[in-house]
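Me: I have a structure open and would like to go through the labels attached to its residues. Could you walk me through the reasoning behind them?

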Amino acid sequence: MTDRDTILKTTDLTKRFGALTANDEISLAVERGEIRGIIGPNGSGKTTFFNTVTGFYEPDGGTVHFDGEEVTGWEPHRLARRGLGRTFQIVSPFKNMTVRQNMLAVQTDDGRSREEKRDRVGEILEFLEIDHIADNEARGMSGGQQKLLELGRVLMLDPDVVMLDEPAAGVNPALESRIMDHIHELNDDGTTFVVIEHDMHVMKTLADTVSVFDSGRHIAQGDFEEVSQDEAVREAYLGG
Ligand code: ADP
């Protein structure tokens, strides 16, 4: 893989909490246009990795490169505007605002007029098939609908890369398959994804390449079948 094809790359990325090394020199390169899965036992450092890459945590060592530029230590909003979006495991929409208002609240800073922004909100809500609840308060949404709204808010920034923390967790099966379809569609249109997901069925259908974390380290990478045959991976899961 040449560097030209790499959109997101960490080199020896390290994050410690006191004596605990939650991310231990993680080197990982994501190709433009792929869907990268990240799996690993609970506590293996997956969410910490997202937080360190997207600027929510200051790394203790190593670097992050995004789209040809070193972005180590950049603030989350600056990275988001540069094209690196992310969602959280626990979603938290503004509950007393409507779905549409939640979308409009995203600061896009891109010189769009208010009409253009409203049109874009309409397009995204339609794409995600939540336009019928656009004027309902977010508090009434199901967990899965809230996940779609959060994805919608990220899409307002026209991201090149979206990092999704457990997009299928707590979502009913019908909505789960819709979320997967949307991810595939966006990916077909060129958006790169990095996805943490515990559900191995989801991971198998979604990811082009899977990275495996164990005890803060990046221990294996390959397609789903390859990594599930890997001895170290089996040990990480069975031994953990
Ligand atoms: P995963 O997402 O793979 O379940 P995490 O990244 O959440 O793993 O956690 C990795 C390790 O870092 C765990 O041992 C966890 O307890 C610890 N950890 C995560 N966040 C913090 C924090 N803010 N403060 C202290 N320890 C943390």
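Reply: Happy to. Let's start with Arg-120 and Glu-123, which form a salt bridge with their closest N and O atoms 2.9 Å apart. Please keep in mind that this is a predicted model.

Me: Why is the contact between Arg-120 and Glu-123 called a salt bridge?

Reply: The rule asks for a side-chain nitrogen of Lys or Arg within 4 Å of a carboxyl oxygen of Asp or Glu. Arg-120 and Glu-123 have their closest N and O atoms 2.9 Å apart, so the pair meets the 4 Å limit. Both residues lie in helix α4, 3 residues apart, about one turn of the helix. An α-helix has 3.6 residues a turn, so residues three or four places apart point the same way.

Me: What makes Arg-120 and Glu-123 partly exposed?

Reply: Partly exposed is the class between under 20% (buried) and over 50% (exposed). Arg-120 has a relative accessible area of 23% and Glu-123 has 46%, so both belong to that class.

Me: How many salt bridges does the rule give?

Reply: The count comes to 11. Some share partners: Arg-32, Asp-67, Glu-69 and Arg-82 are joined into one network that way. Another of the salt bridges is formed by Glu-34 and Arg-36, with the closest N and O atoms 2.9 Å apart. Glu-34 and Arg-36 are both buried.

Me: How do you know that Asp-135 and Arg-100 form a salt bridge, and what does the pair tie together?

Reply: Their closest N and O atoms are 3.1 Å apart, and the limit is 4 Å, so the pair qualifies. Asp-135 lies in the loop between α4 (114-127) and α5 (143-155), while Arg-100 is in helix α3 (residues 99-104), so the salt bridge ties together parts that are 35 residues apart in sequence. As for exposure, Asp-135 has 54% relative accessibility and counts as exposed, because the cut-off is over 50%. Arg-100, at 21%, counts as partly exposed, since buried would mean under 20%.

Me: Now the aromatic residues. Why is the pair of Phe-17 and Tyr-57 called edge-to-face?

Reply: A search of the whole structure finds 2 aromatic pairs. For Phe-17 and Tyr-57 the ring centres are 5.5 Å apart and the planes stand at 80°. Rings pair if their centres lie within 6.5 Å, and planes over 60 degrees apart count as edge-to-face, so both conditions are met. Phe-17 is in strand β1 (residues 6-17) and Tyr-57 in the loop between α1 (46-53) and β4 (61-66), so the pair ties together parts that are 40 residues apart in sequence. Phe-17 is partly exposed with 36% relative accessible area, and Tyr-57 is partly exposed at 30%.

Me: What makes Phe-49 and Phe-213 an edge-to-face pair?

Reply: The distance is 5.4 Å centre to centre, with 80° between the planes. Set against 6.5 Å and 60 degrees, these values therefore give an edge-to-face pair. This pair links distant parts of the chain, with Phe-49 in helix α1 and Phe-213 in strand β9 (residues 209-214), 164 residues apart. Phe-49 and Phe-213 are both buried.

Me: Why is α1 described as mostly covered?

Reply: In α1, 7 of its 8 residues are buried. They are Lys-46, Thr-48, Phe-49, Phe-50, Asn-51, Thr-52 and Val-53. Just after α1, Gly-55 takes a positive phi of about 85°.

Me: Which residues other than glycine have a positive phi?

Reply: Among them are Asp-158, with phi near 45°, and Glu-166, with phi of about 55°. Asp-158 sits in the loop between α5 and β7 (161-165) and is partly exposed at 42%. Glu-166 sits in the loop between β7 and α6 and is buried, with a relative accessible area of 8%, because that value is under 20%.

Me: Last one: what makes the surface patch with Glu-185 negative?

Reply: The patch is formed by Asp-181, Glu-185, Asp-188 and Asp-189, and Asp and Glu count as negative. Glu-185 is found in helix α6 (residues 173-188). Patch residues need over 30% relative accessible area, and Glu-185 has 40%, so it clears that mark while counting as partly exposed.

Definitions and conventions:
Residues are numbered from 1 along each chain as its sequence is written. This is a predicted model: local features need pLDDT of at least 70, side-chain atom pairs count only at pLDDT 80 or more; totals for chains, interfaces and linings use all residues. Side-chain values use heavy atoms; hydrogens and water are left out. Patches are made of residues with over 30% relative accessible area and no salt bridge: like charges are joined within 9 Å, nonpolar side chains (Val, Leu, Ile, Met, Phe, Trp, Tyr) within 5 Å. Accessible areas come from the Shrake-Rupley method with a 1.4 Å probe; for residues, only the protein chains shown count as cover. The place of a charge is taken as NZ of Lys, CZ of Arg, CG of Asp or CD of Glu. Helices (H or I, at least four residues) and strands (E, at least two) are DSSP runs, numbered from the N terminus. Buried means under 20% relative accessible area, exposed over 50%, partly exposed in between (1.4 Å probe, protein chains only). Rings of Phe, Tyr and Trp (its six-membered ring) pair if their centres lie within 6.5 Å; planes under 30 degrees apart count as stacked, over 60 as edge-to-face and the rest as tilted.
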